[in-house]
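Visitor: Please give a close account of the surroundings of the ligand, atom by atom where possible.

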Amino acid sequence: MAETIEIRVPNIGDFKDIPVIDVLVKPGDRVEAESPLVTLESEKAAMDVPSPQAGTVREVSVQVGARVSEGSALLVLETRDAAPAAPAASAAPSGDPPSALPAGASAIAANGLPPAAAHEAAPAEVAGPAPAQAPSPHALHASPAVRRFARELGVAIESVAASGPHGRITREDVQAHVKAALATHASGALGFAGLPPWPKQDFASYGPVEVVPLSRIRRFSGPNLHRNWLSIPHVTNFDEADVTELEAFRTQLNAEQAAAEPLVRFTLLPFAIVAVVAALRAFPDLNASLDGEQLVRKRYYHIGFAAETSEGLVVPVIRDADRKGLRALATEAAALARKARDGKLALAEMGGASFTISSLGGIGGTGFTPIVNAPEVAILGLSRALLRPRWNGSAFEPRLMLPLSLSYDHRAIDGALAARFLARLSSLLADLRRSLV
Ligand code: COA
């Protein structure tokens, strides 16, 4: 037999008159035991008040913005049977320390991401409304802190694509949503507003299709790439470097240390980093960022390199590359690339680059035009080195030629400077001893 119970604010420690920041249900919604009903927010934390038992919401007594204290009426729930209400929903005895997790509330630190345990132990999903009705936004998985974050940014939580476990919407999902929206807006603001809308097609009407959601990394990097592409006046210069001697040296190094421990595989990348650092020293405007009408030249050499992962591109950064030898660079690049592939790169390992290298040489291709990785002003692309005939003054001889491409922000760098940089880089790669000069 059904009975109704009034759900009130449980014991929430010393907090009084705290605002209701979200009402997660409406009359008629069916909820399960432990489903969040209302979100309260103190100065220190956001907390959900969960339902003590399963039932149907009959009446909601609070609105967003209302201020409540322990014992304030929240809503009336018609329970499915006459089982006694769990004590969590009734006003718990006062006197608990305010820092303790209030009974009947799942607290989440308001100043950032939820602690892992709280995140994982988030309340069960609210049962959706009757099948005939549209899905409620509250049927979506999102912690109170994430809902609050979305609300602060004016984002409708139901419009955010979830990437967390079990379809949970994470803080990063909200950020990616906003970035995508801003990128779209920026494209309009930059003069695309007059263009016809993006063509919408029913591809399935032309043949079978498969719809694959973009990976999380792609959803993050896409808007950034779009911004950089639209807002930086890109130019790409091309050159090539004779890496015949370098390749001989690399092969020799790899052979010499074949039995050594720990084994380090010398690829082209660490050599390129050494040469790039030496070239950047000679042309500091490329190791820089634009700041309004100023160019900020960096006196540090933190070199990012694009690394391919199954989820998309990431750019780990080798810090203070100017102070590291070839072996250290090779070891670090390999370790970072492995971490990237395993999805274990820390944020700190991807920030602060002063210049980036994108190497597609291990894969193939004769040239490409990388997009500048803002706020840097230039990026070097390396393509596949190939044996090519070169005239030595009396005959053609086979030389291993490495294609170089340098994309740069033309607001900061002129074509002539870019050409000089590439010429210097080319001579450094042809004879790395020059990096000592
Ligand atoms: N020309 C010819 N061979 C090359 C080369 C080049 N430019 N660059 C690398 N190689 C060789 C390597 O020396 C290695 O050969 P080896 O087995 O004889 O030693 C082989 O190709 C594989 O190298 P790789 O594993 O790719 O190592 P790397 O240090 O050169 O590159 C990464 C490391 C992380 C950069 C690379 O794995 C990667 O992810 N590249 C993709 C980057 C990308 O997608 N950029 C596009 C951004 S727009």
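The ligand site

Guide: A backbone N or O atom of Gly362 lies 3.4 Å from a nitrogen atom of the ligand. The structure is a predicted model, in which local features need pLDDT of at least 70 and side-chain atom pairs count only at pLDDT 80 or more, while totals for chains, interfaces and linings use all residues. Residues are numbered from 1 along each chain as its sequence is written, and side-chain values use heavy atoms, with hydrogens and water left out.

The backbone also approaches the ligand at Ala385, where a polar backbone atom is 2.8 Å from a nitrogen atom of the ligand. At Thr267 the side chain takes part: one of its polar atoms lies 2.5 Å from an oxygen atom of the ligand. These are polar contacts (N or O atom pairs within 3.5 Å). Taken on its own, the ligand has 940 Å² of accessible area, and the protein covers 73% of this (Shrake-Rupley method, 1.4 Å probe).

The shell around the ligand holds 20 residues (each with a heavy atom within 4 Å of the ligand). Those that come nearest are Thr267, Glu308, Ser358, Ser383 and Ala385. By class, the shell has 10 nonpolar, six polar and four charged residues; Asp, Glu, Lys and Arg count as charged, Ala, Val, Leu, Ile, Met, Phe, Trp, Tyr, Cys and Pro as nonpolar, and the others, Gly among them, as polar. Helix H6 (268-282), strand S16 (307-309) and strand S19 (355-359) each supply at least two residues of this shell; helices (H or I, at least four residues) and strands (E, at least two) are DSSP runs numbered from the N terminus.

Key:
A polar contact is a pair of N or O atoms within 3.5 Å; within protein, one must be able to donate a hydrogen and the other to accept it, and residues adjacent in sequence count only if both atoms are side-chain atoms.
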